[in-house]
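This report describes side-chain contacts in one protein chain. Please keep the sequence and the three-dimensional view at hand while reading.

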Amino acid sequence: MTRDALGRARGYFFRHVYDAQGRPLRTERVLGTPQSPASSDVERLGTDGTLSGGLGSWVSGSIVTDAFVAGNSHWRGGALPSCIPAPAGSTGTGLSFGDGCSYAAASSGREAVRLAVSGATKDDLLSFKEWRDVRSASGADALEIWATLQSSGDGVGPRRLLYRADGGTASLRTWLSPPPVRPGDFFSASEWPEGATRDVYLYVTFRKGDSSSPATGAGAALADLRLGRKAVEVVAETAYDETSCPTGAPSASCAALKPLGKPTTVRAYEAG
């Protein structure tokens, strides 16, 4: 087991697993300490991440002059529209933008939903699945995810952009899983010191950018939003060739073709 300075500050260590011959099999990132490893994942969103109960704690509104104004929007929470299939392994619920299978009635401005999250750490990862069917006009139909510190109140001038896809980004009508991000990495050390927690707002916004009523396009959706860390994450693993020839195989030819017992595959994972 090893622990670097960042692991001590953020509360994790690395566990190295070996096989019976002493060869390294995998390296795991484990929450907690070697003396007291975590037994369960850290998940800060709960049903507000699955949207199984509708919008839940998400607040609907719009962005007006760099401020969030609560009110009506075309963001919906709960069961996804009939034209959007449920992602694999999902409950079929999430955040969706539009009226059913169209966003033609959306305003030209930026419509948003906001979620207050308490006690986030710099090590927390934000992950989600994303589905879009929008026009191909670059700059229009922009889906963005932001983070702000709750100390900023309703102001979004100091927002940090965590994700963006617009009409210039291919919308494939299929579920994608963008790489997870750490919101804490987008803030300076003075704004969010190591070892400190922060209360943050997460924003999901959509800006159509014009007042037209597109006849095509179903809009956008997010599902399986998660903020936190898994108790155990595999960060690297090694696979080995067979240490002996299979039963019945000609030993000479087998040995000549196979690097017996040598590493054949090494995989590393970003963010576990």
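## Burial of side chains

A residue is called buried when its relative accessible area is under 20%, exposed when that value is over 50%, and partly exposed in between. By this standard both F68 and Y203 are buried. The model discussed here is predicted.

## Aromatic pairs

The structure contains nine aromatic pairs. In one of them, F68 and Y203 meet edge-to-face, with 5.7 Å from centre to centre and 65° between the planes. F68 belongs to strand β5 (residues 68-70) and Y203 to strand β12, so this contact ties together parts that lie 135 residues apart in sequence.

The ring centres of W75 and F97 are 5.2 Å apart and their planes stand at 65°, so this pair is also described as edge-to-face. W75 is in strand β6 and F97 in strand β7, 22 residues apart, and the pair thereby links distant parts of the chain. Both W75 and F97 are buried.

## An aromatic cluster and two arginines

F68, W146, Y201 and Y203 together form one aromatic cluster. Two arginines lie over rings of this group. R114 is placed over the face of Y201, 3.9 Å from the ring centre. R159 is placed over the face of W146, at 4.4 Å from the ring centre.

## Salt bridges

Side chains of opposite charge can pair when their charged atoms come close. The count for this structure is 25 salt bridges. One of them joins the side chains of R10 and E194, with 2.9 Å from N to O. R10 lies in helix α1 (residues 5-10), whereas E194 is in the loop between β11 (160-165) and β12 (197-207), so the pair ties together parts 184 residues apart in sequence. R10 counts as buried at 17% relative accessibility, while E194, at 39%, counts as partly exposed.

Another salt bridge is formed by R135 and D210, whose closest N and O atoms are 3.1 Å apart. R135 is found in the loop between β9 (125-133) and β10 (142-149), and D210 in the loop between β12 and β13 (219-229), so parts 75 residues apart in sequence are tied together. R135 has a relative accessible area of 18% and is buried; D210, at 26%, is partly exposed.

## Strand contact and network

R164 and E144 also meet in a salt bridge, at 2.4 Å from N to O. This pair links R164 in strand β11 with E144 in strand β10, distant parts of the chain that are 20 residues apart. R164 is partly exposed at 37% relative accessibility, whereas E144 is buried at 8%.

Some salt bridges share partners, and in this way R10, R29, D123, R182, D185, E194, R229 and E233 are joined into one network.

## The disulfide

A disulfide is a covalent bond between the sulfur atoms of two cysteines. How many disulfides does a search of the whole structure find? The search finds one. The disulfide joins C83 to C101, with an S to S distance of 2.2 Å. The link of C83 and C101 is left-handed, with -115° about the S-S bond.

C83 lies in the loop between β6 (75-79) and β7 (93-97), and C101 in the loop between β7 and β8 (110-121); the pair links distant parts of the chain, 18 residues apart. C83 counts as partly exposed at 22% relative accessibility, and C101 counts as partly exposed at 35%.

Technical notes:
Residues numbered from 1 in each chain as written. Predicted model: local features only at pLDDT ≥ 70, side-chain atom pairs only at ≥ 80, totals over all residues. Heavy atoms only, no water. Salt bridge = Lys/Arg side-chain N within 4 Å of Asp/Glu carboxyl O. Helix = DSSP H or I, 4+ residues; strand = E, 2+ residues; numbered from the N terminus. Buried < 20%, exposed > 50% of the residue type's maximum accessible area, 1.4 Å probe, protein only. Disulfide = S-S within 2.5 Å. Phe/Tyr/Trp six-rings, centres within 6.5 Å; stacked < 30°, edge-to-face > 60°. Lys NZ or Arg CZ within 6 Å of the ring centre and 35° of its normal.
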